[in-house]
Amino acid sequence: MTFTCRERLLEWVQNEASKLGFDFVVASVIYGLHNHALETKLHGHPIVCRLNREEKDAISELLIIKVMPRNILADLKRKRLDSISNIKKVYKERYKHNISKIGSRSELQQLLKLLGDNQYFSTYRACEDNVTIRDVFWTHPESINLFNTFPTVLIIDSTCKTNKHRLPLLEIVGVTFTDMTFSVGFTFLECEKEDNVTWALGNSKTLLVDQNNMLSVTVNSRDNALMNAVGTVFPTSLQYFIGII
């Protein structure tokens with residue numbers, strides 16, 4: 001379709017819009033100049049906010065020593081006064097840094113690698129296909145020493161859907177004679193069934209050098225799977241319950 005002039009085009013568009021039930025408004029430019037001066041700095045523009053090579057290298061070094069992103073940004077602005085980079089750039093660089101460390105490994109493989117590199121005690125069990133991981137248990141060597149020193153009381157509870165994989169995290173906490181708490185172990189569970197919880201508690205029981213020195217008290221919720229698992233693994237312990245009755 002060809003139009004001889006601008007007015008014919010606007011007339012056709014207005015008619016078509018009316019047929020479809022739309023209102024058509026034409027805005028005319030009377031004075032084609034900005035009513036303010038142009039900005040001297042392009043704050044927030046992706047090209048201006050991008051990091052240079054030296055800043056990227058500095059971020060990588062600071063991430064290794066566990067510096068918080070907000071402190072990294074403050075350090076970058078201190079070193080380069082005209083820098084207008086924002087916290088989003090630092091987060092993106094941290095994401096790239098973490099991905100480069102993982103390489104071709106999956107997240108679970110990376111978890112097991114870090115546990116091994118830092119001398120954690122860890123164990124897991126797989127499904128019948130020997131490929132899919134069901135549950136993963138880990139604990140720190142210092143936690144094992146504390147558990148063998150104070151094996152009297154355990155507090156057991158799990159948090160649900162607090163990670164992106166929505167897996168239950170079972171946490172086992174011990175108590176010293178001075179009422180201080182310490183972590184005994186952690187377990188990512190496939191689900192909160194009795195079999196899974198029993199497996200996790202069984203791993204914590206194997207940490208005790210003296211198997212005859214069993215727990216006296218366990219503090220846990222009124223979850224049936226958890227109560228049954230505690231009764232199976234620590235049959236002589238006295239259970240105290242927390243939560244709403």
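A pocket is an open set of grid points with protein on both sides within 12 Å along at least five of seven lines, and its lining residues have an atom within 4 Å of a point. The views below show a predicted model.

**Figure 1. Lining of the largest pocket, which has a volume of about 770 Å³.** The lining consists of 20 residues. E107, L108, Q110, L111 and H165 are the ones that lie nearest the centre of the pocket. Helix α6 (107-117) gives the most to this lining, with five residues. The elements α5 (87-102), α6 and β2 (133-139) each supply at least two residues. Sorted by class, the lining holds nine nonpolar, seven charged and four polar residues.

**Figure 2. The second largest pocket, with a volume of about 170 Å³.** Its lining is made up of L63, I64, K66, V67, M68, P69, R94, H97, N98 and K101. Two or more lining residues come from each of α3 (53-64) and α5. The largest share, four residues, belongs to α5. Five of the lining residues are nonpolar, three are charged and two are polar.

**Figure 3. Pairing of strand β2 with β1 and β5.** Strand β1 (residues 121-126) runs antiparallel to β2, and six bridges join the two. Among these pairings, Y124 has V136 of β2 as its bridge partner. Strand β5 (residues 181-188) also pairs with β2 in the antiparallel sense, over three bridges. Here F137 stands opposite T187 of β5. Of the seven residues of β2, five are buried, so the strand is largely enclosed by the rest of the structure.

**Figure 4. The hairpin turn between β1 and β2.** Six residues lie between the two strands of this hairpin. In the turn, N130 has a positive phi of about 60 degrees. On the far side of the turn, β2 goes on to supply at least two residues to the lining of the largest pocket.

**Figure 5. Cysteines in a structure with zero disulfides.** C191 takes part in no disulfide, and the nearest cysteine sulfur, that of C127, is 10 Å away. A pair of cysteine sulfur atoms would have to be within 2.5 Å to count as a disulfide. C191 counts as partly exposed because its relative accessibility is 23%, and the range for that class runs from 20% to 50%. C5 is partly exposed too, with a relative accessible area of 33%.

Note on methods
Residues numbered from 1 in each chain as written. Predicted model: local features only at pLDDT ≥ 70, side-chain atom pairs only at ≥ 80, totals over all residues. Heavy atoms only, no water. Buried < 20%, exposed > 50% of the residue type's maximum accessible area, 1.4 Å probe, protein only. 1 Å grid on protein atoms, 1.4 Å probe; cavity = no way out; pocket = protein on both sides within 12 Å on 5 of 7 lines; lining within 4 Å. Points joined across faces, edges and corners; volume = space filled by probe spheres on them. Nonpolar A, V, L, I, M, F, W, Y, C, P; charged D, E, K, R; others polar. Pairing = 2+ DSSP bridges.
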